[in-house]
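Please look at how the two chains of this model meet, and then at the space enclosed inside it. The report below takes the interface, the cavities and two points of the backbone in turn.

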Amino acid sequence: MTLGGCAALMILFWDWRVALAGLLCVQSGLLALGVTLYDLPVHWAGLQLTVMTLTLLMLIITALQVQRPRARRQAGNWLVRLLAIVLFVLAWRVLGEGPPLPEFGSSVTALLLWLAFCTLLLLGLSDSPLFTAVALLLWMSMAQLIVAVLTPAPNLFVLIAGAELLISLAGSRLMLLDQEPLHARDLIATDIVFPYEEDMYADDDFGADDERAIDAGLPPLLIQDAIAALEGERPRVAPSSPPRNGHGVPADAPTDQRERMRG
Amino acid sequence: MTTAVSLPVLLTVSLLLAAGLAYLLRGWNRIMAAISGVYCLAWGGLLWLADLNLPVWTPPLLGRSVDLTAPTTYLDFRFVLTPIGATAISLTLVIIGATLLLSTRFAAPEEYALTPLLLILAGGYTLLFLLTEGPVSPVLLAPIALAALSAVAVFLLSNRGSATVLRILLPPVLAIPVVLIADWYVRAAALDPQNSLLMTTAAQFMGVGYVILLGPVPFHWGRVAAAESAPPLATAAATLLYQLAALFMLFQLLAQFPAVGQGTSLALWLEWAGIVTALWGGVAAFGTLHPGRLWGYVALHDWGIILITLAVAGTRSLPLALFLFSLRAVSMLTAATGLSALRASVGSLEPARLSGAGHRLPWSSAIYLLGGLGLAGFPLSAGFTGHWAALQIMAETDWRPAAAILVASAGAIFSYIRLARILLGPLENRSLRRERSVTTAIAAGILLLSMAIALAPQLLDGPVSRMLIAFSG
C-alpha cells in the first residue's frame with residue numbers, strides 16, 4: 001500500500017525531487033519485500049542497494065546541475081494526472097485481475113501490476129529524460145524482484161544491475177543535453193560581434209535567481225554581470241553560451257553563417 | 001607449443017581494444033573512422049567466408065593459430081562461433097564498417113567522433129551473437145542484453161534536442177519481465193511435461209515479449225526522435241543493428257521453442273502490430289516535412305511491412321523477411337548518407353533552410369530521396385521489389401490491409417515529392433558550397449549500387465540464401 005502510494009505521489013506531484021524520492025522508496029520497498037518474503041540473499045540485496053544508490057546519485061547530481069530539471073514538457077496539471085489514476089483504478093476493478101504471475105501472492109501481484117501501470121503512465125505523460133529514466137528504473141526494479149523470485153541466478157541479477165547503471169547514465173547525459181539551447185541566433189557581421197542577450201542566456205535560463213533579483217528591486221543577473229564587468233570584476237560565466245571561434249561566431253553555427261563571417 | 005587463440009576472445013577483445021584506441025586518438029577521428037571501418041569490413045568479410053569445418057585458422061599477421069569453434073566460458077555464459085552467429089556477426093560488422101567509412105566523407109565533424117561507440121556496439125552485439133548458453137536461454141536473455149546495448153546507443157544518438165532518444169530503450173526494457181516470467185514457465189514445463197498448459201503459458205509470455213521487443217507502434221517513438229535529431233548515419237547503424245539482433249533472436253526463439261509459433265497467436269499479433277506500424281508510419285510521414293522525421297517515419301513504415309511478412313505463414317515468409325531487411329539496410333544507409341551530407345553542408349535540417357539546397361548539393365539530395373523512396377517501396381528504387389512481393393503475399397489472404405498499406409506508402413511518397421520541390425526550389429542560402437568531386441563520385445557510386453539492386457534484385461540472392469540457411473537453423 002505504501003509503495004503503491006509512493007508511486008502514485010510521483011505522478012501526482014510531477015516534481016523531480018518527489019520522483020527521485022519516490023523511486024528510492026519503491027526500490028527500497030521492493031528490496032525489503034524480496035528479503036523478507038522471498039529470502040533474497042543478503043549479498044544480492046547489498047548489490048542492489050549499491051546500484052540503487054549509484055543510479056539515484058547520478059540522477060540527483062545531474063538534476064542539481066541543470067537549472068530547471070522540472071521539465072518544460074509538463075504533463076498536464078495535477079487534476080488530469082489524478083483523473084488518469086482514478087480511471088485506471090476503476091478499469092482495474094471492472095476488468096478484474098491481470099496476468100497470472102507464478103510464485104507471487106495476490107497482494108504482491110497487485111502491487112507489481114500497480115507499479116507497472118504507474119511506469120506506463122510516467123512514460124505516457126512526458127518525454128522528459130528525467131521522468132523517462134525514472135520510469136525505466138522503476139520497471140527494472142520490478143524485473144530485479146522477478147529475477148530474485150523466479151530465476152534466482154546471480155549472473156542475471158548482476159546483468160540487470162549493469163543495465164540499470166547504463167540507463168541512469170544515459171538519462172543523466174540526456175538531461176544535461178536537454179538544457180542546451182537548440183538554435184544559434186544569427187549574428188550581425190561587424191568587426192566586433194556583440195552576442196544577443198538570448199545567446200548569453202537561453203530563454204529557460206532566466207531562472208529563479210533572476211526573478212528573485214527583480215523581486216528584491218535589483219536588476220537581473222545579466223545586468224549585474226555587466227555592472228561587475230565595468231567595475232573590473234569577473235562576470236558570471238554564462239552557463240549555456242555556445243563556444244565561439246576566433247570570429248566571434250558560435251562554433252556550432254551553420255556553415256553558411258561561418259562562411260559569411262569569414263568572408 | 002603455443003595454444004590456439006579462441007575466436008570469441010580474439011574478436012571481442014580486438015573490437016573493444018580498437019574502441020579504446022579510437023577514443024585515445026579521437027583527435028584524428030576521420031582517420032580513425034576510416035581505419036576502423038576497414039577493420040570491421042575485413043572481419044565481416046573473413047567471417048562470411050570462413051569455413052567453420054576447418055577447426056584452426058592461421059591469419060597471416062597474427063602469427064598464432066585461431067580456433068574458430070573453441071568455446072569460451074565466463075561466469076556461466078558460454079560463447080561459441082556457430083554458423084548462425086557467424087552470419088549475424090558478419091552482417092553487424094559490415095553495417096558498422098560501411099557506416100564508419102561513409103561517416104569519413106559525409107558526416108559533420110562532430111558526427112565522425114562516433115567511432116569508439118560504434119566499435120563498442122560491435123563488440124556488444126558480437127558477444128550477444130556468440131552466446132550459446134547462459135543462466136537462462138540466450139533468446140530469453142536477449143532483452144536484457146539489448147537494453148544494455150540500447151543504453152550505449154543512446155550515447156551515440158544523444159545530441160542537442162534529442163532528449164526523447166532515451167525512449168529507444170522502451171521495447172527491450174518492457175520485454176524483460178515478460179520473458180523472465182516465460183522462463184519460469186519453461187522450467188516448470190520441463191519438470192512436469194504432462195502439463196501442457198505450462199508450455200502454452202510460457203509460449204504466450206514469450207510471444208508477447210518478442211512482439212514488444214520488435215518495437216512496433218506504440219513503442220517506436222525513440223527511433224523517430226533519433227531520426228529527427230541524432231546524426232543520421234549513427235541512427236541508421238543503431239536502428240539496423242537492433243532490428244537485426246531482434247530478428248535473429250526471433251528466428252532462434254521459433255527454432256528453439258516451436259510452441260511459440262504453433263501454440264499461440266503470435267502470427268496474428270505480429271500481423272496486427274505490422275499493419276498498425278506500417279499505416280502509422282505512412283500517415284505520419286504524409287504529415288511531416290522535416291527530412292529527418294520523414295525518414296524516421298518511412299523507416300517505420302518499412303519495418304511494419306517486415307513485421308507483416310514475419311506473420312505470414314508458409315515457406316516464403318522467412319526468405320522474404322530477410323530479403324526485405326537486406327533492402328532496408330541498403331535504403332537506410334543510402335538515405336542516411338544523403339541526409340548526413342545535407343545536414344553537414346546546410347547546418348540544419350529545417351525545411352526553410354533546405355530550400356534550393358538541391359541545386360548546390362544535387363548528389364546528396366538524390367541519394368537522400370532515392371534511399372527514402374526505397375523505404376516507401378517506390379518503383380525503380382531498391383525497396384520496390386521487396387514491397388511489391390510483400391503486398392502480393394498479403395493480398396492473397398486479405399486484400400484490404402494490402403490496399404491500406406499501399407495508400408500509406410503513397411502518402412509517404414507524396415511527402416517525398418513535396419520535399420523534393422523544396423530541395424529544388426529557390427535557393428535560400430547563396431553561400432552554400434557546391435559538392436566536392438570526391439563526394440560526388442562516392443554519392444554517384446551509392447546511387448548506382450542502389451539502382452543496380454532496384455533493377456536486378458537477384459544480386460542479393462547469395463547473401464539472402466546464406467542468411468536463410470543460417471537463420472532457419
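In this predicted model, the contact between the chains draws on 44 residues from chain A and 43 residues from chain B. The area buried between chain A and chain B comes to about 3,900 Å², and carbon and sulfur atoms give 71% of that area. On the side of chain A that touches chain B, two or more residues come from each of these elements of chain A: helix H5 (106-125), helix H6 (129-150), helix H7 (154-178) and helix H11 (255-262). The largest share of this side belongs to H7(A), with 14 residues. Sorted by class, the residues on the side of chain A that touches chain B are 29 nonpolar, six polar and nine charged.

What does the count of salt bridges between chain A and chain B come to? The count is zero, while the rule for polar contacts finds nine residue pairs across the interface of chain A and chain B, with both residues at pLDDT 80 or more.

Turning to enclosed space, the model has five cavities of 30 Å³ or more, and the largest cavity holds about 210 Å³ of space. Its lining is made up of 22 residues, and those that lie nearest the centre of the largest cavity are B:His220, B:Arg223, B:Thr239, B:Gln243 and B:Leu300. At least two residues of this lining are supplied by each of four elements of chain B, namely helix H8 (221-229), helix H9 (232-256), helix H12 (291-311) and helix H13 (317-346). Among the contributors to the lining of the largest cavity, H12(B) gives the largest share, which is five residues. By class, the lining of the largest cavity consists of 12 nonpolar, seven polar and three charged residues.

Two details of the backbone, one in each chain, are set out in the table.

| Place | Backbone feature | Value |
|---|---|---|
| B:Val217 and B:Pro218 | cis peptide bond, omega | about 10 degrees |
| A:Glu103 | positive phi | about 70 degrees |

Where in chain B does B:Pro218 lie? B:Pro218 belongs to the loop between helix H7 (196-213) and H8 of chain B, and the peptide bond that joins it to B:Val217 is cis. A:Glu103, for its part, lies in the loop between helix H4 (78-95) and H5 of chain A, and its phi is positive although A:Glu103 is not a glycine. The helix H5 that follows this loop in chain A is one of the elements that give two or more residues to the side touching chain B.

Conventions: Residues numbered from 1 in each chain as written. Chains lettered and ligands numbered in written order. Predicted model: local features only at pLDDT ≥ 70, side-chain atom pairs only at ≥ 80, totals over all residues. Heavy atoms only, no water. Contact = heavy atoms within 4.5 Å. Buried area = accessible area lost by both parts, 1.4 Å probe. Salt bridge = Lys/Arg side-chain N within 4 Å of Asp/Glu carboxyl O. Polar contact = N/O pair within 3.5 Å; in protein donor to acceptor, adjacent residues only side chain to side chain. Nonpolar A, V, L, I, M, F, W, Y, C, P; charged D, E, K, R; others polar. 1 Å grid on protein atoms, 1.4 Å probe; cavity = no way out; pocket = protein on both sides within 12 Å on 5 of 7 lines; lining within 4 Å. Points joined across faces, edges and corners; volume = space filled by probe spheres on them.
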